[in-house]
Structures are given as C-alpha cells and as structure tokens.
Amino acid sequence: MIGRAGEIADAIREESNIMIVGHADADGITATGIIASALEREGIAYGVKIIKQLDEDALSEIREANYPLTAFVDLGSGVIDELDFKRVVMDHHSPGGSDQKLHLNPHLFGHDGSTELSGAGSAYLVAKALSNRNSDLSSLAIVGAVGDMQTKSMGKLISLNREILQDAIKAEKISLIGDIELFGRETKPIHKMLEYASDPIIPGITSNEAAAIAFLNSVGIELKNDRWRRWVDLNFEERGRVVSALVKYLIKGGYGKRARRLVGEVYIMVEEEKGTELHDAKEFSTLLNATARYDMGEVGLKVAMGDRGDYLQKARSLLSGHRLQLAIGFDVLREIGFVNGKMVKYVHAGNAVRDTLLGTLLNMMLTSGEVERDKPLLGFAESDDGKIKVSSRGTKELVDRGLHLNEVMSAAAQKVGGIGGGHDIAAGATIDVGKEEKFLEVAEEIIDGQYGRAI
Ligand code: C5P
Ligand code: C5P
Ligand code: ZN
C-alpha cells in the first residue's frame, strides 16, 4: 500500500491546482482536511467539494470544473471505472471496478475497509508519502475511523488503523485510555450521560433521568459542585466506582453482554481542551457529522483544519439540532415500525426522516435492542431531490454468516436503474420513487443466496 500511496503522492506533486472531492460525513471531512492541509504545506492550490454521493450529476459538475487533477477521498472506488479524467482516489468502500491505477483502497491489498482503514486513513497514507511532517495529521485519520464506526466490530482500532494510531501517539496528538465508552463523557452532566446511554442501553436508567440520578446517589457520587459535574470531572477512583456499580447492575439484570461494551478504548485529542466536543475523538466525529448531514460539511472542514472560532460555534449549534433530530427520528421509526420480511427487517419513513440520518438511525435501532438483530435492517426515505434513499445496516454476526450489504445495495439498485454501494456491514443506495418493492424483492433474493454460499 505504501508503494501505491507514493505513486499518488508523486502524481499530486506534479500539479499546481487540485480539486478535492470528499464524502459528506466525518470520515470524508477529515480525509478532505488531511489532503487540504498536506497540499497547503506543499504550496499547491486546491478547491474543495463535499458531496453526499458520486452520482451522474456530481460527476458532470466535477468534469465541468475541469481541474487538471481531481483527488477523491472517502469515495470514488464504487464508480472507479467511470472516472474517465485525470484523478487519484483514496477510499475504503468496496471497489465497483478493477482499475487500480492511482487508486488506494485497503480492499485492493487484502484488507477490510470497514474495520482496518477508513477514507481518512487512506488519505493520511498519501499525506505521509508526500512528507513525513504530515504525521501530525494522523489524529484526524483517527477521528475519521472512529466516525465511521470502525471500532464497532472489535471494540478498538485494529490493523492499519492501529498503525496510524501509533503515529498519532508518537506525535503526541492522541492518548489512549481505557474508560467508559458512553457518548458525552466530555460534555454532558454525568446523570445526563447515563440517561442518554444508547450503546449499550442501560435498562431502567436509559431515558429515565430520575433513575440515573438515584443510581449515582446510591454510589455516593456528588452530582454538582459549582456546576454539574461531567464524567471528565470525576477522579479515577470515582470513575471506577461508577463503572463497577454499572457492571454489577447490568449483570444482575441479565445484561452481562452489554456490560462488556461499557468500557473500552477511548481516543483523546491531547491538544484540545478537556470537557469540549473536540477532546474525545468520538465526540469530535459526531460534531463533524452534525455539519455534513445538513449540507454544511464546509463548516466541519474548517473545524477539522483548526478553526476554533466562528465555525466551531456554528458546528456546535448544528450539533444540538442534530441530537434532537436523531431523537425525533428514532421515535418516528419506532412508531412506523419495522416490517419483518423474509431476509430483512425494513421500514419506509417517507418524508418523516431526513435521508442523511437514516443509516445512523438504523444503527441506533440495532444497538438499542429495540429490534431483533437476526436480520439486517433496511430503511427507505424520500430525499431532497425527489428520489428514494435506501440505507442498510447489518451486524458482525450476520457478516460472518456471509451477508455483504455492498453487493446487495449495488446489485439491487442496478436492477431498478439506481446506484448503490458501501461496505459489507453498512451500505446505501438511491433509486427512483415507486421502485421500492422491486428493490426489496431483489435484495431479499440476493441475501438469501449470500447465506447459502460457502465463505
Ligand atoms: O461512507 P462511509 O464509508 O464513510 O461510512 C461508513 C458507514 O458504515 C458509516 O455510516 C458507519 O456508521 C457504517 N458502519 C457500521 N458498522 C461498522 C462499520 C461502519 O454501521 N462496523
Ligand atoms: O448513506 P448510508 O449511511 O446508508 O451509507 C452507508 C455506506 O454506503 C456509506 O459508506 C456510504 O458511503 C455508502 N454508500 C455508497 N453509495 C451509495 C450510498 C451509500 O457507497 N449510493
Ligand atoms: Zn468512510
């Protein structure tokens, strides 16, 4: 892979003006930030375009912009054979063609793109090939990987991601601690962190503020001094006390499996201020996602590239809206309910859920215990451009049995004249209105075949 990264770095060095096209999520934004920073350091001019999907419209806009070189980050592999202009690709999605020229992707080198390397990681390898001084950008690659949930299957960063983590630790950009993994450990009052716990859900405490407060009181934790205390304000002994009480509580309730998910590796951005969204790589990635999901990826990019002023403020206000939208979306999907199909559970959200939130909401459904994890989840929602967005999410167990959602989404979409792609465990598509039923039928057929085949 290092050789391929070097070839791409050489192609970049030859240019004086480059268009960077990045995917509109935390991984795509950090990937874009990594390449943009590296180009600035090389004195190469660049333009940026952050897009949801590399469809025909996006491709014609890119062709029209007519840059001497286009650098695709966190997208491009799915339509690699259609990129018929001067380009380099740094991605980790399942490749949709065989062209390997100036194309860096873990799948081409025997690595898995949903756990071993993210789009930002792929971009980082090229930045590092451009110059060793770019090793400080490794922390952004970690934010990208965490944002893409690459820690989900194994509970930590592995393989190529782990090597990048070592760079980040060496550059004193990230420190690795074992800690509670609940969202909000930096920014939320402790009882709120417990109340909002969604991965894992803590039955009896999640969604019940009074119970969360009572629980913390029962283990003797002061909730407030001059202000509400956050997890990061607790000392080591207090943290241990809460964690062991939570573990006991979960085991006693028969949720031993969830107890294991409570604690894990947490990646701390050492240069950022403690108690802010930027201090914890996971919260940082959510902040970036909160910009991208509302077509404001450029705001996230500024923050990723170091802005701590107006753009950070803007991102923070988008984040509070994002949290609210996710909570509303979760309830909406629960209310509509999932249909238990032959091979998938599916839901059609119509225009009640923003298409860019669909995938995240399906993941929340899977981790919350709200729906059974015996089949992959598939969701449909109307998108702004009058099409239907499809998202699908699986589990590691289903993938181990043969499920490959990228194949499902791309083949079923193709069958109905749409486009799709992604990873084995998470993939998406866009199709025309009215094609949902046919799409579903084809998808179920393909999945049936996947479980049957030898793996
Ligand atoms: O487009 P991109 O590759 O950046 O996004 C990856 C998607 O895959 C994310 O939406 C992430 O939530 C999902 N994912 C997942 N489970 C994993 C790995 C990735 O749902 N184990
Ligand atoms: O949009 P959603 O979050 O469901 O996408 C899941 C994964 O599938 C992401 O990695 C996304 O980049 C990918 N995807 C794709 N092509 C599409 C739609 C989604 O590669 N047309
Ligand atoms: Zn990605």
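This report describes two sheets, two ligand sites and two backbone features of a predicted model.

**The parallel sheet**

Five strands, placed in the order β2-β1-β3-β4-β5, make up an open sheet whose pairing is parallel. At its edges lie β2, which covers residues 45-51, and β5, which covers residues 103-104, and each of these pairs on one side only. Strand β4, made of residues 87-90, runs parallel to β5 and is joined to β5 by two bridges, and within this part of the sheet Met90 stands opposite Leu104 of β5. Helix α3, formed by residues 56-65, lies across β1 (17-23), β2 and β3 (69-73), and the direction of this helix makes an angle of about 165° with β2.

**The mixed sheet**

Another open sheet has six strands in the order β8-β9-β10-β11-β13-β12, and here the pairing is mixed. The edge strands of this sheet are β8, residues 339-340, and β12, each of which pairs on one side only. Between β10, residues 377-382, and β11 there are six bridges, and the two strands run antiparallel; Glu382 has Ile388 in β11 as its bridge partner. Helix α14, residues 358-368, packs on this sheet and touches β10 and β11, with its direction at about 30° to that of β11.

**The site of ligand 1**

Ligand 1 is surrounded by 16 residues, of which the closest are Asp25, His93, Asp148, Asn363 and His423. By class, this shell consists of three nonpolar, seven polar and six charged residues. Three histidine side chains place an N or O atom at a short listed distance from an oxygen atom of the ligand, namely His23 at 3.2 Å, His93 at 2.8 Å and His423 at 2.6 Å. Of the 470 Å² of accessible area that ligand 1 has on its own, the protein covers 92%.

**The site of ligand 2**

Around ligand 2 there are 15 residues, and the closest are Gln53, His93, Lys389, Ser391 and Arg393. The shell divides into four nonpolar, nine polar and two charged residues. His93 is thus listed among the closest residues of ligand 1 and also among those of ligand 2. A polar atom in the side chain of Gln53 lies 2.9 Å from a nitrogen atom of ligand 2, while the side chain of His93 has an N or O atom 2.8 Å from an oxygen atom of this ligand. The backbone takes part as well, with an N or O atom of Gly421 lying 3.2 Å from an oxygen atom of ligand 2. The protein covers 80% of the 450 Å² of accessible area that ligand 2 has on its own. Two or more residues of the shell around ligand 2 come from each of the elements β11 (388-393), β12 (419-422) and β13 (426-431), and these three strands also stand in the order of the mixed sheet.

The polar contacts of the two ligands are gathered below.

| Residue and part | Ligand atom | Distance |
|---|---|---|
| His23, side chain | ligand 1, oxygen | 3.2 Å |
| His93, side chain | ligand 1, oxygen | 2.8 Å |
| His423, side chain | ligand 1, oxygen | 2.6 Å |
| Gln53, side chain | ligand 2, nitrogen | 2.9 Å |
| His93, side chain | ligand 2, oxygen | 2.8 Å |
| Gly421, backbone | ligand 2, oxygen | 3.2 Å |

**Two backbone features**

Most residues other than glycine have a negative phi, and most peptide bonds are trans. The peptide bond that joins Asp199 and Pro200 is cis, with omega at about 5°, and Pro200 is placed in the loop between α7 (190-195) and α8 (209-218). Ser159, although not a glycine, has a positive phi of about 55°, and this serine is found in helix α6, which is formed by residues 159-170.

Methods. Residues numbered from 1 in each chain as written. Chains lettered and ligands numbered in written order. Predicted model: local features only at pLDDT ≥ 70, side-chain atom pairs only at ≥ 80, totals over all residues. Heavy atoms only, no water. Pairing = 2+ DSSP bridges. Helix = DSSP H or I, 4+ residues; strand = E, 2+ residues; numbered from the N terminus. Contact = heavy atoms within 4.5 Å. Axes fitted to C-alpha atoms, helices over the stretch in contact; angles between N-to-C directions. Near = heavy atom within 4 Å. Polar contact = N/O pair within 3.5 Å; in protein donor to acceptor, adjacent residues only side chain to side chain. Areas by Shrake-Rupley, 256 points an atom, 1.4 Å probe, with all protein chains shown as cover. Nonpolar A, V, L, I, M, F, W, Y, C, P; charged D, E, K, R; others polar.
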